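Got the model open in your viewer? Here's a short tour of what to select, stop by stop.

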Amino acid sequence: MIVTSNKKAYLEKVSRDGIISALAFDQRGALKRMMASHQDNEPTVDHIVTLKRLVSEELTPYASSILLDPEYGLPAIAVKDQKAGLLLAYEKTGYDAKTSSRLPDCLEDWSVKGLKAAGADAIKFLLYYDVDGNEAVNRQKKAYIERIGSECQAEDLPFFLEILTYDEKMSDNSSIDFAKVKAHKVNEAMKVFSAERYGIDVLKVEVPLNMAYVEGFTEGPILYSQAEAAQVFKEQAAASHLPYIYLSAGVSAQLFQETLSFAAQAGAQFNGVLCGRATWAGAVPVYIKEGEAAARQWLRQEGVRNIEALNDVLAKTARPWTEKI
C-alpha cells in the first residue's frame with residue numbers, strides 16, 4: 001500500500017512506533033443513554049461536554065490519539081495531551097431503526113475540509129454493512145464511502161473506516177444465530193472496502209467472533225473450538241492488505257485484552273485499537289452520582305490502569321502499520 005508523505009506524517013501523529021493505541025470517545029447517542037440510565041433526567045449538553053473534557057485531559061497522556069466528535073467533543077481538543085493525535089468523526093450518530101437499510105449520513109454542517117481546520121489528523125466514518133444485504137442499499141453505501149474517500153484524498157488526510165456488521169434479517173447481534181455468521185460478515189466486508197476505489201487508509205473493525213461462544217471464553221454453548229477460532233482470525237488477517245485496528249464493542253477491559261492476546265497468537269496482524277467504553281465507561285456512574293472531582297479521580301486510577309494494561313497487551317500483540325505501508 002502506498003500513501004502520500006502527508007498522510008504518512010498524519011498516521012505517525014495518531015500512533016506510537018507504528019502502533020495505534022487510540023482512545024475512542026466520539027459516542028453521542030450511546031453516551032446519552034448510558035448517562036441517562038444513572039439519573040432521572042436527560043443529560044445536558046454541558047454534562048456531556050464536561051465528561052468528554054475530563055476523559056480527554058486525564059487519559060490522552062497514555063494514548064497515541066483520541067477520537068472525538070465535533071458535536072460535543074471540540075472543547076476536549078484544547079485539554080488533550082499535545083503529543084496525542086486527533087481523529088474526528090464525520091458521521092451522524094445512530095441510524096433509523098424503522099428500516100433495515102441503516103444508510104450512512106454525514107454531519108450536515110461539517111466536511112473533511114472543516115474537520116481538518118478543526119485540528120483533525122485523520123477522519124473516521126462509521127458504516128453499518130451487511131455483505132449479504134440488499135444490493136441496491138449496498139450500492140448506495142459503496143458510493144457514499146467513495147465520496148468520503150475522495151474528500152480525504154483531496155485534503156490529504158488519512159481515512160479510517162469503521163465497519164459495524166449486521167444482518168438485515170436479525171435484530172440481535174448478540175444472538176447465537178448472528179454469532180454463526182459474524183466471521184463471514186466481518187471478513188467479507190473487509191475485503192469489499194479494501195479496494196483502492198474507496199481511498200481507505202485504515203480499517204477499524206470488529207473482532208470476527210463473538211468470544212462468548214468460543215471455547216475457553218465461555219461457560220455457555222460453544223460454537224468454535226480454540227483451533228477453529230484461531231483459523232477465523234487468520235482469515236481476517238488475509239482479508240485485507242490495509243492496516244486494521246480493533247474496536248472494543250463495549251466488552252469489559254479484561255475480555256478485550258484477552259481477545260487481543262488470543263488474536264495475536266492465532267496470527268492476526270492487527271495494528272492497534274480504537275478502544276472506548278472498555279477504558280472509560282466506569283467513570284460515567286461516578287460522574288453522575290458523585291460529581292466531576294470523583295470522576296476525575298476514577299479516571300486517574302481505574303481509567304489509567306485500564307489504558308496502561310491495554311498498552312502493555314498491545315506492545316506484545318500489535319504489529320506496526322509501517323509493515324503494510
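Which residue in β7 does Lys204 stand opposite? Select both strands and take a look: Lys204 faces Ile245. Keep in mind that this is a predicted model.

Stay with that pair of strands. β6 (residues 202–205) and β7 run parallel, joined by three bridges. Now add helix α8 (residues 226–238): together with β6 and β7, α8 makes a right-handed β-α-β unit.

Next, go to the other partner strand. Show β8 (residues 272–275), which pairs with β7 in the parallel sense over two bridges. Pick Leu247 and you'll find its bridge partner in β8, Leu274. To see how the chain gets from β7 to β8, select helix α9 (residues 253–266); this β-α-β crossover is right-handed too.

Turn on side chains for β7 (residues 244–247). Tyr244 and Tyr246 point one way, Ile245 and Leu247 the other, and all of them are buried. In a regular strand, side chains alternate between the two faces of the sheet.

Time for the core. The largest nonpolar core has 86 residues, and Tyr246 is among those with the most contacts inside it, along with Ile145, Leu161, Phe193, Leu203, Phe233 and Trp280. Color helix α12 (residues 292–317) as well: α12 gives the most to this core, with eight residues.

Zoom in on Phe233. Leaving out residues up to four places away in sequence, Phe233 touches several residues, including Val207, Pro208, Met211, Tyr246, Phe262 and Ala266.

Last stop: a second, separate core of 14 residues, which includes Leu67, Leu87, Ala122 and Ile245.

Definitions and conventions
Residues are numbered from 1 along each chain as its sequence is written. This is a predicted model: local features need pLDDT of at least 70, side-chain atom pairs count only at pLDDT 80 or more; totals for chains, interfaces and linings use all residues. Side-chain values use heavy atoms; hydrogens and water are left out. A nonpolar core is a set of buried Ala, Val, Leu, Ile, Met, Phe, Trp, Tyr and Cys residues joined through side-chain atoms within 4.5 Å. Buried means under 20% relative accessible area, exposed over 50%, partly exposed in between (1.4 Å probe, protein chains only). Helices (H or I, at least four residues) and strands (E, at least two) are DSSP runs, numbered from the N terminus. Contact means heavy atoms within 4.5 Å. Two strands pair if DSSP finds at least two bridges between them. A crossover is right-handed if, with the strands pointing away from the viewer, the path from the first strand over the helix to the second runs clockwise.
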